[in-house]
Amino acid sequence: MYRVGIDVGGTNTDAVVLQGKTVLAGVKASTTEDVTSGVIEALEKVIEASGIDRQRIGAVMIGTTHFTNAVIERRHMEEVAAIRLGLPSGAGLPPMVDWPDDVREIVGNHGYQVRGGYEFDGREISPLDEDEIVRIAGDIRAKGLKAAAVTCVFSGINDAMEQRTKEILQQHCPGLPVVMSKDIGRHGLLARESAAIMNASLLSLADRTVAAFGKALETAGITAPFYITQNDGTLMAADVVRGFPVLTFASGPTNSMRGAAFLTGIKDAVVVDVGGTTSDVGSLSHGFPRQASTTVDIGGVRTNFRMPDVFSIGLGGGSLVVETDKGVTIGPKSVGYRVRQDAICFGGKTLTATDIAVASGKADMGDAGLLAGLDPSLVEAAAKKIDAMLEACVERSRISSTPVPVIAVGGGSILMPDKIGDLDVIRPDNFAVANAVGAAIAQISGETDRVFSLIDGRTRESALAEAEAEAREKAIAAGALAETLEVIEREDTPLAYLPGNATRIHVKVVGEMGGHGG
Amino acid sequence: MLQEFPEENIEPLATGAWILGTGGGGNPYISTLNLRRLYAEGRRVQIIDPMDLADDDMVAVVSKMGAPLVGQERLSDPVHLARAVEVMEDYLGKPFRAIMSVEIGGSNALSSFLAGAMLDRPVVNADAMGRAYPEAQMTSFAIGNLPMFPLSLVDIRDNEVIVTRAASWKWMERISRKVCTEVGSTAATCKAPRSGREVKDWGIHYTVTKATELGRAVIEARARHDDPVKAVLDHEGGKQLFRGKIVDVVRETTGGFLRGKTVIEGIDADKGSRMELAFQNEWAVAFRDSQPVAMTPDLLCLLDTVSGGAIGTESVRYGQRVTVVALPAPELLTTPAGIAAVGPRAFGYDIEFTSVFP
């Protein structure tokens with residue numbers, strides 16, 4: 001059986017076919033507005049290039065930066081109601097208080113604080129103010145908001161108020177998608193709330209995108225199941241993504257780092273993935289992306305997902321190069337997937353970072369002749385600026401002053417110089433499709449998250465072991481190889497308000513997908 | 001002489017305070033957001049040198065009381081800290097000259113700043129612990145045997161409590177903790193008022209400056225790609241105890257405290273060993289392969305190996321790469337009276353205090 005990995009970026013849609021540990025073929029196509037035709041093109045190209053029989057494709061793994069890019073570029077995000085249950089606590093720090101102003105404006109800044117919430121021991125801070133929820137429902141209808149996010153203080157201990165709020169909202173606004181924070185994040189109100197709000201604002205985009213993927217595979221006559229990669233480098237069923245697009249947020253960097261490690265065999269390095277719109281920089285340590293220890297910024301918004309520690313900047317192959325009276329600026333606006341039409345070297349009218357790379361002799365693509373009219377001092381200034389931006393983010397991601405190689409991957413990595421400061425830059429074979437390779441080798445996970453009663457001789461240790469065994473079973477049933485399984489999350493929260501010494505246990509294990517042979 | 005505390009010092013103060021919190025005191029992030037909002041409204045904090053206090057000046061000692069885990073969900077509001085001070089002023093019938101934090105460790109480092117900004121009163125460059133501790137009797141004022149009453153406590157629901165008298169520091173702790181637990185394990189308090197003389201004699205001095213400079217050293221080391229853990233050790237004259245990966249965390253929120261332990265599996269030079277850190281809001285004792293190797297009042301800090309940032313007892317989780325370091329305690333805490341108040345026996349460990357700093 002073959003595995004197909006597809007990476008749908010802002011600019012390019014890449015596809016690879018893997019047989020065991022061998023990359024049979026890797027191709028690039030342009031991402032299209034409808035997503036579907038780009039995926040079909042990439043699939044057809046890679047099937048042709050590898051010469052495989054499409055019936056023997058065992059699984060298709062899709063990684064996408066669509067949702068992250070939406071937040072970074074402040075596009076396709078819809079206005080949502082951000083409802084917090086917890087008054088009179090926390091009144092001074094309203095929802096989205098620590099967001100950058102522009103993102104807060106884009107999601108409409110419809111923050112509501114309502115009486116409700118729980119204490120740590122399950123008692124109510126205040127009874128839920130249901131009349132206020134009804135009033136907010138009216139507001140949602142009047143403003144025409146497309147979704148709501150509900151975050152209750154201590155919803156990890158008791159989710160009843162979030163459930164009830166969802167019920168009331170949907171009674172008064174039939175069909176309104178309501179995201180409950182308990183499904184998205186962990187302990188820590190602000191970060192969990194922010195993730196729930198971003199998730200709600202991306203639901204329509206998620207719906208369209210997943211539908212487009214399904215249609216593409218169907219059109220290409222592929223019947224194998226398809227998965228989408230999430231933050232921790234594991235796969236989730238495509239339908240789950242419709243409800244939880246934020247869980248894919250860091251999958252792009254995870255895939256490119258895992259892909260870079262797979263392609264080079266290097267275990268410690270800084271990985272720079274230059275796409276069409278953004279560059280992601282992270283560190284590989286012992287072959288795995290270094291995890292952020294606490295919180296991670298997405299487009300300036302603080303979240304507490306388990307994610308690789310990646311720094312993103314708005315610099316990619318399609319970034320606009322603009323001369324201002326204060327000097328030249330690069331990005332964050334980008335022509336994205338239209339670079340092959342809009343960039344000057346491809347006959348377009350927009351000056352992009354790719355044009356600068358071609359004009360300064362770093363890259364050979366399009367028609368360099370079309371750039372003859374560019375002011376050489378502008379080219380030089382822009383090239384310098386691009387180098388400085390890349391160097392700054394490599395410096396930021398570097399974890400020690402010991403020199404490690406920089407692995408350059410991604411279609412836009414033509415922008416990378418041969419050296420960054422004192423560090424050598426390595427470009428592996430198939431560097432341009434490292435993301436798709438990372439998606440193709442994504443891992444399978446199994447998860448347990450439920451309440452255990454520590455009575456009748458069951459101890460915390462035996463309950464944790466039980467939970468781990470369950471998670472392992474689920475992972476193996478989903479296709480993971482037992483001997484590769486590894487625990488990545490293990491958390492227990494005693495639920496003081498429940499009788500029977502109840503504790504909530506969350507264990508997640510991951511492992512390699514089986515069936516590498518064939 | 002008052003000195004304005006500039007906005008750009010907020011971040012270094014929070015970073016340094018979080019390290020000096022020795023795992024407790026709560027992550028200062030929420031307090032930082034609150035303080036930034038007050039600065040954005042145009043409010044400012046002035047710092048006063050403890051030695052500039054007149055002997056008969058009255059100083060309010062503020063703190064947010066409770067379990068740090070709770071503070072991450074039930075976000076604090078500076079209104080309540082200010083209210084606790086006002087309740088105390090009403091009770092005493094006289095105004096405070098200045099405000100100080102009971103502890104420089106964790107989010108309470110900023111409590112005096114929040115109350116000070118709200119009430120336009122200067123903040124004293126001192127605290128009563130030089131770190132963070134979970135209980136009222138674990139302060140330099142308690143070690144100095146100063147009076148422990150009255151105390152005011154304010155919650156989010158308009159409940160206001162004044163403990164007018166208590167038989168001892170321990171009784172004050174028991175009574176106020178009971179009330180705190182009842183209102184949700186988080187409350188704003190104004191502890192027994194201190195005279196300028198008492199602050200000069202028994203306060204731990206210049207800890208606002210110490211936390212700010214420690215934080216700045218870490219932030220600058222990160223920017224230079226130097227090892228920020230080493231920056232902490234160098235700045236404080238500390239010792240590295242262990243490096244590894246978190247493999248287990250056991251937590252229990254009981255009696256208004258977060259108790260438990262975290263287990264670290266060694267890497268590099270510590271490969272093959274395990275370290276267990278026992279905590280009661282703060283890291284209290286470090287056991288290496290079951291043997292106690294470091295303990296309170298030495299400051300035990302769990303740091304992110306890469307960023308050098310502190311990891312709290314409420315945010316430590318499976319898989320984190322960490323370094324355990326010990327920093328020297330304020331001198332007062334290592335005196336016999338200090339060890340009686342905050343040594344390992346005060347936390348229920350029948351161990352003789354041995355400092356890692358001979």
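Biologist: In this predicted model, which residue of chain B forms a salt bridge with A:Glu119?
Modeller: The model is a predicted one, so side-chain atom pairs enter the count only at pLDDT 80 or more. Under the 4 Å limit for a nitrogen of Lys or Arg and a carboxyl oxygen of Asp or Glu, a closest N and O distance of 2.8 Å qualifies, and the partner that A:Glu119 finds in chain B is B:Arg74.

Biologist: How many salt bridges does the rule find across the interface of chain B and chain A?
Modeller: The pair of A:Glu119 and B:Arg74 is a salt bridge between these chains, and a search of the whole structure, over all chains, gives 52 salt bridges. Across the interface of chain B and chain A, the number that the rule finds is six.

Biologist: Why does the salt bridge of B:Asp248 and A:Arg460 join two chains?
Modeller: The closest N and O atoms of B:Asp248 and A:Arg460 are 2.8 Å apart. The pair joins two chains because B:Asp248 belongs to strand 12 (residues 239–254) of chain B, while A:Arg460 belongs to helix 14 (residues 460–477) of chain A.

Biologist: Are B:Asp248 and A:Arg460 buried or exposed?
Modeller: The cut-off that matters here is a relative accessible area under 20% for a buried residue and over 50% for an exposed one. By that criterion B:Asp248 and A:Arg460 are both buried.

Biologist: Which residues are linked with B:Asp248 in a network of salt bridges?
Modeller: B:Asp248 has a salt bridge with A:Arg460, and this residue of chain A is itself a member of the network. Together with B:Asp248, the linked residues are A:Arg460, A:Glu461, A:Arg490 and A:Asp492.

Biologist: What area do chain B and chain A bury between them?
Modeller: The contact involves 33 residues of chain B and 46 residues of chain A. Carbon and sulfur atoms account for 52% of the buried area, which comes to about 3,400 Å².

Biologist: Which three residues supply 24% of the area that chain B buries against chain A?
Modeller: Chain B and chain A bury about 3,400 Å² between them. Of the part that chain B buries, no other three residues supply more than B:Glu73, B:His225 and B:Arg317.

Biologist: Which element gives the largest share of the side of chain B that touches chain A?
Modeller: Between the two chains there are 17 residue pairs in polar contact. Helix 2, helix 3 (68–71), helix 7 (169–182) and strand 12 of chain B each supply at least two residues of that side. The largest share, seven residues, comes from strand 12 of chain B.

Biologist: How many charged residues does the side of chain B that touches chain A have?
Modeller: Sorted by class, this side has 13 nonpolar and nine polar residues, and the count of charged residues is 11.
The same side takes part in a contact in which chain B contributes 33 residues, and its charged residues number 11.

Biologist: How many residues apart in sequence are the parts that B:Glu11 and B:Arg36 tie together?
Modeller: The side chains of B:Glu11 and B:Arg36 meet in a salt bridge, at 2.9 Å from N to O. B:Glu11 is partly exposed at 39% relative accessible area, and B:Arg36 is partly exposed at 30%. Since B:Glu11 lies in helix 1 (residues 10–20) and B:Arg36 in helix 2 (residues 29–40) of chain B, the parts tied together are separated in sequence by 25 residues.

Biologist: What area is buried between domain 1 of chain A and domain 2 of chain A?
Modeller: The domain assignment gives domain 1 (80–201) and domain 2 (443–511) of chain A, and their centres, taken over C-alpha atoms, are separated by 29 Å. The contact takes six residues from domain 1 and seven residues from domain 2. Across this interface the rule finds zero salt bridges, and the buried area is about 560 Å².

Biologist: Is B:Ile311 buried or exposed?
Modeller: B:Ile311 sits in the loop between strand 17 (299–304) and strand 18 (321–327) of chain B. Leaving aside neighbours within four places in sequence, its contacts include B:Trp18, B:Trp283, B:Leu302 and B:Val322. With a relative accessible area of 2%, B:Ile311 is buried.

Technical notes:
Residues are numbered from 1 along each chain as its sequence is written. Chains are lettered from A and ligands numbered from 1 in the order in which they are written. This is a predicted model: local features need pLDDT of at least 70, side-chain atom pairs count only at pLDDT 80 or more; totals for chains, interfaces and linings use all residues. Side-chain values use heavy atoms; hydrogens and water are left out. Helices (H or I, at least four residues) and strands (E, at least two) are DSSP runs, numbered from the N terminus. Buried means under 20% relative accessible area, exposed over 50%, partly exposed in between (1.4 Å probe, protein chains only). Contact means heavy atoms within 4.5 Å. Buried area is the accessible area (1.4 Å probe) that two parts lose on being put together, summed over both. A polar contact is a pair of N or O atoms within 3.5 Å; within protein, one must be able to donate a hydrogen and the other to accept it, and residues adjacent in sequence count only if both atoms are side-chain atoms. Ala, Val, Leu, Ile, Met, Phe, Trp, Tyr, Cys and Pro count as nonpolar, Asp, Glu, Lys and Arg as charged, and the others, Gly among them, as polar. Domain bounds come from an automatic or database domain assignment.
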